[in-house]
Amino acid sequence: MSATVRIAALDELPDGRGVRVDVGEHRIAVFRIGESVYAIGDRCSHAEASLSEGEVFDTDVECPRHGSEFDLVTGVPDSLPATRPVPVYRVSVVDGDVYLALDASAEQKESI
Ligand code: FES
């Protein structure tokens with residue numbers, strides 16, 4: 001099952017840092033970097049810290065608790081202690097509005 005949800009206007013998202021968005025059961029970290037927007041699961045796969053509170057470096061976010069860096073494109077951690085990826089959500093920007101696609105694969109990965 002797939003659903004697309006409008007989460008914000010692009011201008012409402014802060015540039016260069018994350019915001020947490022809750023959509024149903026999904027807890028999602030959304031990052032705007034210039035005109036690009038990325039969305040990954042907000043719960044760090046190591047010990048569930050909120051990745052939306054992490055610092056952004058290029059297209060990585062650093063977990064605020066133990067410092068693993070997650071690739072915002074793939075959801076894969078680039079450094080320890082996290083070893084498992086977080087879900088990645090497809091994002092589209094249409095007429096200045098940001099939409100997230102919630103699909104089955106993201107739901108499955110999030111529940112792992
Ligand atoms: S909670 Fe994120 S690296 Fe430990």
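**A quick tour, starting from Val91**

Okay, let's start with one residue: Val91 sits in strand β8, which covers residues 88-94. When I say strand, I mean a DSSP run of E of at least two residues, and a helix is a run of H or I of at least four, all numbered from the N terminus. Before going on, this is a predicted model, so local features need pLDDT of at least 70, side-chain atom pairs count only at pLDDT 80 or more, and totals for chains, interfaces and linings use all residues. Residues are numbered from 1 along each chain as its sequence is written.

Back to Val91: is it buried or exposed? Neither, really: it counts as partly exposed, because it has 18 C-beta neighbours inside 10 Å. For that label, buried takes 20 or more other C-beta atoms within 10 Å, exposed takes 12 or fewer, and partly exposed is in between, with C-beta atoms placed from the backbone.

Which residues does Val91 touch, apart from its neighbours within four places in sequence? Those are Val37, Tyr38, Ala39, Val98 and Leu100, where contact means C-beta atoms, placed from the backbone, within 7 Å. Leu102 is 11 residues from Val91 along the chain, and their C-alpha atoms are 9.5 Å apart.

Now the sheets. One is an open sheet of 3 strands in the order β5-β6-β7, with antiparallel pairing; strands pair if DSSP finds at least two bridges between them. β5 (55-57) and β7 (69-71) are at the edges with a single partner strand each, so one side of each has no neighbour in the sheet. From one strand to the next, the twist averages 30°, using lines fitted to C-alpha atoms and angles from 0 to 180 degrees between N-to-C directions. β5 and β6 (residues 60-62) are joined by 3 bridges, and Phe57 has Asp60 of β6 as its bridge partner.

Next, β2 (residues 18-23) and β3 (residues 26-33) pair antiparallel over 6 bridges, with Asp22 opposite Arg27 in β3. Their hairpin has 2 residues between the strands, and Gly24 takes a positive phi near 60° there.

Zooming out, the chain has 1 helix and 9 strands, and the helix comes at the end of the pattern β-β-β-β-β-β-β-β-β-α. The C-alpha trace spans about 40 × 30 × 20 Å along its principal axes. Of the 112 residues, 31% count as buried. And among contacts with a separation of 6 or more, 41% are between residues 24 or more positions apart.

Terms used: Contact = placed C-beta atoms within 7 Å.
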